Amino acid sequence: MHSSERLLEIAVPTPLRRSFHYLPPDELPADTKPGCRFQVPFGSKSLIGILIGYTEESNTPLEKLRRAEKLLDPKPILPEAILKLCLWSADYYHHPVGDVLASAIPVLLRKGKPGQQVSHRLVATKKGKETDQSSLQRAPQQKAALTLLVRQMNGYDRKQLKAAGISSATIQALIRKGLVRRQEMTAPVTAFSLNKVNSENIILSSEQEVALNSIGDHGTWLIQGITGSGKTEIYLRAIEKILRKNFQALVLVPEIGLTPQTVQRFSNRFDVPVVLLHSGLTNQERLTAWQMASSGQAGIVIGTRSAVFTPLARPGMIVVDEEHDASLKQHDGFRYSARDLAVLRGQFEHIPVLLGSATPSLESLNNAWTGKYTSVQLRHRPVDIAKESYQIINLRNRETRDGFSKPLIRLIEQHLQSGSQVLVFLNRRGFAPVLHCPECHWTANCHRCDARMTFHLPGQRLLCHHCGNENPMPQYCEQCHAGNLLLLGIGTQKIEDRLKILFPGVRVLRIDRDSTRRKGSLASMLAELASGEPLILVGTQMIAKGHHFSEVTLSVIVDIDSSFYSTDFKAMERMGQLILQVGGRSGRSGKAGNVVIQSHFPDQPVLKQLIKEGYTQFARNLLQERRDNNLPPFCHQALVRAESKSRTRALEFLEELSATERSSPRVDLLGPVPSTMEKREGFYRAQLLFSSTSRRILHAELDLRIKFAENSKLARKVRWSIDVDPVDLY
């Protein structure tokens with residue numbers, strides 16, 4: 001229906017995949033642009049939505065349209081490029097647009113806090129300005145304060161008044177008399193300026209010079225450099241160039257654990273404000289960092305995946321470190337890839353994007369080898385640092401105790417005696433993954449998940465690593481009541497215990513999700529490592545990503561065999577990345593690095609090729625296998641997941657969804673099937689995989705199925721979601 005006034009198209013945070021039309025509020029500046037927040041009525045609630053455009057037509061009759069309550073921002077909190085990125089994301093990932101936009105801004109902005117930094121100032125009221133100050137003769141403090149505030153139109157904050165000798169009691173008295181009031185004012189923004197660079201006299205290698213000089217004003221560069229080859233120095237030099245032009249840099253890292261050392265390195269190099277954005281911050285800390293980025297006060301923004309949506313006043317460059325890491329993909333809710341969106345954002349803002357990794361994802365390598373990205377290779381470490389050497393210990397017919405063979409124990413002892421540090425990697429936290437009864441073969445399983453409970457030594461408890469379910473350690477078998485229960489398998493806690501027995505007097509540090517829960521604990525342990533004292537570091541994937549351990553000369557991978565019989569087609573790629581990332585933590589400061597892998601499959605051709613020929617040839621072979629089997633990146637996939645409290649309902653919904661006639665024969669469907677872990681957190685899960693060589697045809701098919709699902713009665717009885725470009729299929 002046509003309207004005589006422009007209607008607002010507003011995205012509201014709801015599960016509905018659409019925006020809503022509103023009449024404008026009574027007073028709306030004519031130059032109000034998309035990207036501003038509005039408070040709007042929605043059902044019986046009042047919600048905060050974001051303006052995404054204007055329209056003169058609506059399918060809803062004009063008399064039924066509701067009026068927006070008020071405009072919250074004088075100018076957009078989301079600039080044009082970020083708004084465009086969010087709208088593209090909602091379309092590509094088939095996610096409700098209001099939820100996407102809400103995810104892109106800090107929590108306090110979703111609650112209506114000002115988008116710009118504000119200062120709380122005290123100003124004289126009209127009454128205060130007109131008051132005869134002689135009436136305050138008996139209150140000299142009040143008179144002095146009022147005189148000061150009348151003279152300064154913009155008022156003063158409490159610190160300034162305190163410095164002038166004016167107490168809080170004096171201010172309160174003036175407020176009660178109506179002579180002074182508190183006022184929120186937009187804080188003045190001071191743009192950063194780069195005055196000093198601490199280059200540490202680092203001389204670039206010829207490879208690094210070529211890499212740095214190849215980076216232009218826009219486009220995507222894949223910087224593939226072996227661990228220790230100096231990728232970070234390339235980032236720093238490239239960022240220095242844009243900081244000198246007063247542009248800002250956004251640096252994305254996969255894990256919170258990497259941010260402290262990244263911040264330290266960037267802060268030590270540049271005298272510009274460096275801000276952090278990640279989930280470990282308080283809501284106020286996150287808002288302040290976001291405001292400093294969007295106003296141009298911060299020169300460098302370092303964050304985890306959601307930071308990809310952070311507005312920059314003068315965007316100059318985006319760096320994605322460890323671009324291969326699966327943590328850059330959001331695994332629930334709005335399932336986006338921060339790496340892919342960083343590349344797209346670079347195109348929208350016409351700025352360079354650097355993707356860095358020693359072990360790039362096959363998707364990125366394929367993009368580089370087909371010319372979509374510019375490929376940059378760093379094949380060598382600095383002259384004084386040798387490449388690490390690899391050794392496989394054959395576990396066949398060899399006794400191990402708590403994961404350690406005798407040859408491995410001897411090697412660890414040799415490195416400790418030489419004054420070095422040793423890293424022991426096992427991607428399984430806890431003490432033991434199985435509690436088993438030898439009498440009746442009962443095992444302790446989680447009643448909410450199809451998973452075994454893991455025994456954790458602190459607190460003597462059983463914990464499910466999938467849903468967090470926790471139980472005390474039982475004394476007797478739940479099935480036959482026998483008392484001789486066994487703990488089978490190994491986790492990082494058991495490894496830690498065993499090492500303390502094997503090497504008494506040697507400090508053993510364990511870094512995993514359990515040991516780093518307390519704020520500051522990770523930083524404290526990393527500082528202890530940096531001290532250089534001989535010790536053993538035990539950990540999970542947290543220690544395999546990007547850390548610089550200068551005194552580690554031996555990296556040990558206790559168990560790699562699960563990758564060889566995984567059903568996940570990406571398992572081999574991840575195994576190769578993990579081995580080289582863990583291996584690359586050793587030998588980084590002039591000492592030779594050694595890597596030891598224990599395996600029951602030492603003759604695996606893939607493992608041998610990785611060690612002898614390196615990651616590039618290993619990746620070429622995997623890509624050829626993917627091409628032969630029509631797997632990503634040579635096809636495009638989307639996974640529809642469903643879950644229900646009922647064992648059969650999720651499957652029934654997906655069966656109904658898959659029965660819908662296809663829009664094109666070029667879309668293949670696999671399933672529906674129960675998920676690999678069918679029961680999780682009390683829900684039964686199932687999945688349906690869509691695959692096509694045409695991205696356009698795949699998305700048209702998804703649009704069709706979504707429309708069907710939204711009208712399905714069964715859909716209302718299940719929780720369902722779409723994962724475009726899934727990184728895992730379970």
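Trainee: How many disulfides does this predicted model have, and how do you know?

Mentor: The count comes to 0 disulfides. The rule asks for a pair of cysteine sulfur atoms within 2.5 Å.

Trainee: What makes Cys 440 fall outside the rule?

Mentor: Look for its nearest cysteine sulfur: that one belongs to Cys 477 and is 3.6 Å away. The cut-off is 2.5 Å, so Cys 440 is in no disulfide.

Trainee: And why is Cys 440 called partly exposed?

Mentor: Its relative accessibility is 24%. Buried would need under 20% and exposed over 50%, so at 24% Cys 440 lands in between.

Trainee: What about Cys 480, how do you know that Cys 480 is in no disulfide?

Mentor: It's the same test. The nearest cysteine sulfur is that of Cys 437, 3.7 Å away, and a disulfide calls for 2.5 Å or less, so Cys 480 stays unpaired by this rule. As for accessibility, Cys 480 has 33%, so partly exposed is the label.

Trainee: On to charges. Why do Arg 461 and Glu 470 count as a salt bridge?

Mentor: Their closest N and O atoms are 3.2 Å apart. The limit is 4 Å, so the pair qualifies.

Trainee: Is each partner buried or partly exposed?

Mentor: One of each. Arg 461 has 18% relative accessibility, which is under 20%, so Arg 461 is buried. Glu 470 has 45%, between the two cut-offs, so Glu 470 is partly exposed.

Trainee: What makes Lys 500 and Glu 496 a salt bridge, and where do they lie?

Mentor: The closest N and O atoms are 3.4 Å apart, within 4 Å, so the definition is met. Both residues sit in helix α15, which covers residues 492-502. They are 4 residues apart there, about one turn of the helix.

Trainee: Why is Glu 496 called buried and Lys 500 partly exposed?

Mentor: Glu 496 comes out at 12%, under the 20% line, so buried it is. Lys 500 has 43%, which falls short of the 50% needed for exposed but clears 20%, so Lys 500 is partly exposed.

Trainee: How do you know that Asp 603 and Lys 608 meet in a salt bridge?

Mentor: N to O is 3.7 Å, and the cut-off is 4 Å, so this pair passes too. Lys 608, at 34% relative accessibility, counts as partly exposed.

Trainee: Which residues are linked in a network of salt bridges?

Mentor: Lys 329, Arg 641, Asp 723 and Asp 728 are linked that way. Across the structure there are 21 salt bridges.

Technical notes. Residues are numbered from 1 along each chain as its sequence is written. This is a predicted model: local features need pLDDT of at least 70, side-chain atom pairs count only at pLDDT 80 or more; totals for chains, interfaces and linings use all residues. Side-chain values use heavy atoms; hydrogens and water are left out. A salt bridge is a side-chain nitrogen of Lys or Arg within 4 Å of a carboxyl oxygen of Asp or Glu. Buried means under 20% relative accessible area, exposed over 50%, partly exposed in between (1.4 Å probe, protein chains only). Helices (H or I, at least four residues) and strands (E, at least two) are DSSP runs, numbered from the N terminus.
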